[in-house]
Amino acid sequence: MLDALSQTVVPPKPALWRRWTALPVFSYYNRLAALVLLSNLAFAVLGVGLQGVSTQTLSSLVLINLSLAILIRQQYLINALFWLATRIPVTWPLRVRRSAAKVYHVGGLHSGAALAATGWFAGWVGVQAADYLQRPGSVSFAGLWLGATLLGVLLLMVGMAQPRIRGRFHNGFERVHRFAGWAALLLFWALTLLASVERGASLLHSGAFWMLVLLTLSIALPWLRLRKVAVEHTRPSGHAVITRFTHTTPFAGSSTAISRHPLLEWHSFANIPTPGQTGFRLTISRAGGLDGAVYRGPAAPCVGQGHHHRWRGPCGNPVQVGGVRRHRQRDRPGHAAFTCGAAADPADLVDPQPAQDLRRRMGRRDPGCPARRLDLGHR
């Protein structure tokens, strides 16, 4: 064995810039978030200047960033991105396929755009407040009150999304993100309608109105397809359950979101379709609240015996391709659940932060997952 080790050829040391880009802080997720923030900063400095920015320009910047933050997390759009990523032929260069496998980092666009929208909206509220103090009759008190309330809601969402708070109070983060997000959308509608009434302008000629219509439909569409489906459980081991669905056959590279309480929590798992067969399977580890409840279900559940979960379609959120997801177990501090290509929570599907938190707690870097990396494309 020692002779074999001595004959092993050690690969050359990577260049310094490659070692730097391999650090978690330079992940694709953070790069995309930084790209959005730097683009907004460049526009602020070069486009509108630090002085003399109008409330109309601020409103447009808020709407652009808000639209990006919401639409990039729309399930149909994400499924389309993952479908495109998995269509890359295996004959293409490995560098291209590895880059396409980073599609699960699109959550960086969501985070960067949400932060930028909150910053621009804070500037809008500040300009409105200054005008109200200088010329009280020039700014509506109702509009200023709605704006201040909306800013508080946005800041609450940003605060709960911070990695440490999110990791410790994940259920709270998910509920705040959902209900506060709906409240923010309603407040944006109220501000738009109020501005239209005050200016006497028609909503049909307002770009903000049609964009809010699009965002509202984007958020409501998955809930309009909410339904119950029958499932069948198989327990191959003492720590995992294989759940089978037959209502649809999704493509490989997608996932299904299931829930016992649709308004409170959602859990997404990788879809495992079988070629030539209808339906798909989910592999659920005994790691979290819903996971444990599924495992402790009926001893021999089968289709037609009333064991159901709610399912949000068409395929839920896409899963990570090209790597391993490591999620800190919420219900049992100090333990970790390891899954390959699946996630315990929908918000973690496009966010690498849980894996980074786990690596810091374990005191070592991610060793990777050799021989388990998903090969993209058709054979």
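This passage walks through a strand sheet and two nonpolar cores in a predicted model.

A few ground rules come first: local features need pLDDT of at least 70 and side-chain atom pairs count only at pLDDT 80 or more, while totals for chains, interfaces and linings use all residues. Residues are numbered from 1 along each chain as its sequence is written, and side-chain values use heavy atoms, with hydrogens and water left out.

On the sheet side, 4 strands line up in the order 2-3-7-6 to give an open sheet with antiparallel pairing. Strands here are DSSP runs of E with at least two residues, helices are runs of H or I with at least four, and both are numbered from the N terminus; two strands pair if DSSP finds at least two bridges between them. Strand 2 and strand 6 (272-273) sit at the edges with a single partner strand each, so one side of each has no neighbour in the sheet.

Going inward from strand 2 (residues 232-237), 4 bridges tie it to strand 3 (residues 240-245), antiparallel. The two make a hairpin with 2 residues between them. Strand 3 also pairs with strand 7 (residues 280-285), again in the antiparallel sense, over 6 bridges. In that pairing, A240 stands opposite S285 of strand 7.

H233 deserves a look of its own. It belongs to strand 2, and its bridge partner in strand 3 is T243. The side chains of H233 and T243 are also joined by a polar contact of 3.0 Å (a pair of N or O atoms within 3.5 Å; within protein, one must be able to donate a hydrogen and the other to accept it, and residues adjacent in sequence count only if both atoms are side-chain atoms). H233 counts as buried because its relative accessibility is 7%, where buried means under 20% relative accessible area with a 1.4 Å probe, protein chains only.

Over in the helices, the largest nonpolar core (buried Ala, Val, Leu, Ile, Met, Phe, Trp, Tyr and Cys residues joined through side-chain atoms within 4.5 Å) has 28 residues, and W120, F121, L150 and F188 have the most contacts inside it. Helix 4 (55-71), helix 7 (107-134), helix 8 (141-160), helix 10 (170-199) and helix 11 (207-224) each chip in at least two residues, with helix 10 giving the most, 7 residues. Leaving aside residues up to four places away in sequence, F188 touches V62, L66, F121, L150 and L212, a contact being heavy atoms within 4.5 Å. A second, separate core has 11 residues, including I78, Y104, L109 and A113.

Definitions and conventions: Buried < 20%, exposed > 50% of the residue type's maximum accessible area, 1.4 Å probe, protein only.
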